[in-house]
Structures are given as structure tokens and as C-alpha cells.
Amino acid sequence: MNILEFSLLVWLGAFSAGLVGALTGLGGGIVIVPLLTSVFGVDIRYAVGASLVSVIATSLGAASTYIKKGYTNLRLGMFLEVATTIGAIVGALIATFISVKILTIVLAIVLIYSAYLSQQPRLEHPEDESADPLADYLKLNSTYPTPDGLMSYKVHSIPAGFGVMLIAGVLSGLLGIGSGGFKVLAMDQTMRLPFKVSTTTSNFMIGVTAAASAGVYLARGYIDPALSMPIMLGVLPGAFLGARILVGAKTQILRIIFSFVLVVMALKMVYNSLIGGL
């Protein structure tokens with residue numbers, strides 16, 4: 001395989017990653033890392049470095065559209081990013097004291113159960129919503145566009161959502177995985193946000209987290225421009241397309257895609273743990 005064929009195949013994979021990442025709020029790493037390591041035989045460290053670039057590109061490509069359209073809750077995203085950052089530091093500190101293989105299998109079970117939960121019917125706009133005093137104080141309640149015009153929503157269970165985000169950060173630091181799935185679930189299931197708000201806010205947040213991590217990989221020389229360039233060129237148009245699709249997509253279809261990706265992620269984690277790969 002020559003360099004042109006390699007770059008074209010990587011570009012196609014990156015385009016798919018950007019599309020899936022923008023639709024689900026998970027980022028493109030779930031596609032990029034297995035593609036580079038399993039198909040192309042790229043060293044895992046360079047694959048993760050390229051994956052971080054893809055996540056940043058996905059976030060930048062989709063976030064600009066989501067913010068412009070009014071889907072992303074910026075105040076909530078920045079507030080919850082504090083929890084994931086603290087959690088990631090804690091996870092990195094205790095990583096050497098915990099059996100990662102056992103934790104990975106437990107996490108995979110949680111992801112599959114989470115995929116099941118995301119498929120359970122839930123009203124997007126309950127009529128008898130009570131206001132959360134803490135959300136009012138922090139001014140986290142907002143609106144988002146729907147076919148019927150702007151729809152207001154309230155943020156619930158702030159402490160519980162913050163706690164889930166903290167756990168998501170710890171798992172990210174322990175296992176070196178993106179925590180977009182838990183961010184979406186925390187906002188969708190715990191804080192009861194509309195699903196499109198959850199995925200778009202998660203998309204914004206993962207870019208902030210990945211940017212911090214990418215600096216470490218760049219300093220260690222694990223971001224290869226020859227590998228990262230076709231990935232970024234593929235991820236960006238994929239993310240823009242995913243953002244356009246999400247605006248008009250039905251929520252139930254987005255939930256199905258999200259659940260499918262969670263199950264794939266869980267199976268991949270179990271495989272890696274048992275086989276001894278990533």
C-alpha cells in the first residue's frame with residue numbers, strides 16, 4: 001500500500017468518525033483508534049494522539065454549528081467540565097493501584113446497560129417540570145430550537161450530574177478512554193436534558209478535554225503530522241455533515257445510533273481486555 005492509498009483510506013475512516021462523533025457527542029476516537037491499530041497496524045500511542053486530534057476537530061467542526069443554532073448549553077458545559085477535569089486527574093493518580101482489566105469489563109457492562117437506558121421512552125418536554133434552585137442560581141436553564149420554535153428546558157439534579165461527570169473523568173484517566181458516552185448519559189438520564197442538548201453540549205466539552213490531553217501527547221512526540229493531517233481533513237467535513245443531519249434528525253433515531261455506538265464501544269473494550277490489546 002502506497003502513501004496515497006493509505007491516506008485515502010485513513011481519510012474515509014476519519015470522515016466516518018467525524019460523522020458518528022458529531023451525531024452522538026462521543027467524539028471520533030471510538031472509530032479512529034480501532035481503525036488505526038487493528039487495520040493499519042499503527043502504534044497505539046500514535047493512534048491515541050491522532051484520535052485526540054480527531055476529537056478536537058470533531059468538536060470544533062460540530063460545535064460551531066451547534067452553538068450558532070442554539071443547541072449547546074455553554075454555561076452548563078463549562079460548569080461540568082470542572083468535574084471531568086478533576087476526575088481525570090484523580091483517575092490518573094490511582095491508575096497504578098487498580099486492576100484495569102476487571103474495571104474495563106465492569107465498565108463495558110455499565111455501557112451496555114446505559115445503551116438500554118437510553119432507549120427507554122422519556123418525555124423531552126414534561127409539562128409539570130419543577131425548577132431546580134441550584135440551576136436557577138447558576139443560570140443553567142436555557143432554550144433550544146425545535147420544529148415548533150424555541151423550547152425552554154430546565155436542568156435537574158445538579159449535584160448528581162456533577163458526580164456522574166466526576167466518575168466519567170476518573171474512568172477517562174484510568175482507562176485512557178473518551179468519556180463522551182457518560183457525559184451524554186449524565187445530561188440525558190440524570191439531569192433530564194433534551195437529547196439533542198445533551199449530545200451537542202457533550203461535543204463541546206470533549207473538545208476542551210481533548211485539547212488538554214493533546215498537549216501532553218504533542219510534547220512526547222506522539223502526534224505525527226503525516227498521520228494526523230488526513231484524519232483532520234476527513235473528520236472536519238464528517239463533523240459538519242453530522243451537525244447538519246442532527247439538526248433535522250428525529251430524537252429516537254439519534255438515540256438508536258448512540259446506543260449502537262455504546263454497545264460497539266463496550267464489546268471493543270471487553271475484547272481489548274481479554275485479548276490483551278489496547
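**Fold, helix 3 and aromatic pairs of the predicted chain**

Of the 278 residues of the chain, 47% count as buried. The model is predicted. The chain exposes about 13100 Å² of surface, and 70% of this area is supplied by carbon and sulfur atoms. Its secondary structure consists of 11 helices and two strands. In sequence order the elements follow the pattern α-α-α-α-α-α-β-β-α-α-α-α-α, which places the two strands one after the other, with helices on either side. Among contacts with a separation of 6 or more, 80% join residues that are 24 or more positions apart.

The UniProt record, an unreviewed entry, assigns the feature "transmembrane region" to residues 46–67, 88–116, 160–182, 203–223, 229–246 and 253–271. Two of these spans were examined in the model. Residues 46–67 are 100% helix and 0% strand, and the end C-alpha atoms of the span lie 31 Å apart. Residues 203–223 are 81% helix and 0% strand, with 22 Å between the end C-alpha atoms.

Helix 3 comprises residues 44–69. At 1.5 Å a residue, its 26 residues should span 38 Å, and the distance of 36 Å between its end C-alpha atoms agrees with this. The helix is nevertheless bent, by about 30° at Ala63. Gly70 follows helix 3 and has a positive phi, near 90°.

Aromatic side chains were then considered. The chain contains six aromatic pairs. One of them is formed by Phe6 and Phe40, whose rings are arranged edge-to-face, with 5.1 Å from centre to centre and 80° between the planes. Phe6 belongs to helix 1 (residues 3–24), whereas Phe40 sits in the loop between helix 2 (29–39) and helix 3 (44–69); the pair therefore ties together parts of the chain that are 34 residues apart in sequence. Phe6 and Phe40 are both buried.

A further edge-to-face pair is made by Tyr144 and Tyr153, with a centre-to-centre distance of 6.0 Å and an angle of 65° between the planes. Tyr144 is buried, as is Tyr153. These two tyrosines also belong to a cluster, in which ring pairs link Tyr71, Tyr144 and Tyr153.

Notes: Residues are numbered from 1 along each chain as its sequence is written. Side-chain values use heavy atoms; hydrogens and water are left out. Helices (H or I, at least four residues) and strands (E, at least two) are DSSP runs, numbered from the N terminus. Buried means under 20% relative accessible area, exposed over 50%, partly exposed in between (1.4 Å probe, protein chains only). Contact means heavy atoms within 4.5 Å. Accessible areas come from the Shrake-Rupley method with a 1.4 Å probe; for residues, only the protein chains shown count as cover. Rings of Phe, Tyr and Trp (its six-membered ring) pair if their centres lie within 6.5 Å; planes under 30 degrees apart count as stacked, over 60 as edge-to-face and the rest as tilted. UniProt positions are given in the numbering used here, feature names are shortened, and annotations may be inferred rather than shown by experiment. The expected span of a helix is 1.5 Å times one less than its number of residues. The bend at a residue is the angle between axes fitted to the seven residues ending there and the seven starting there.
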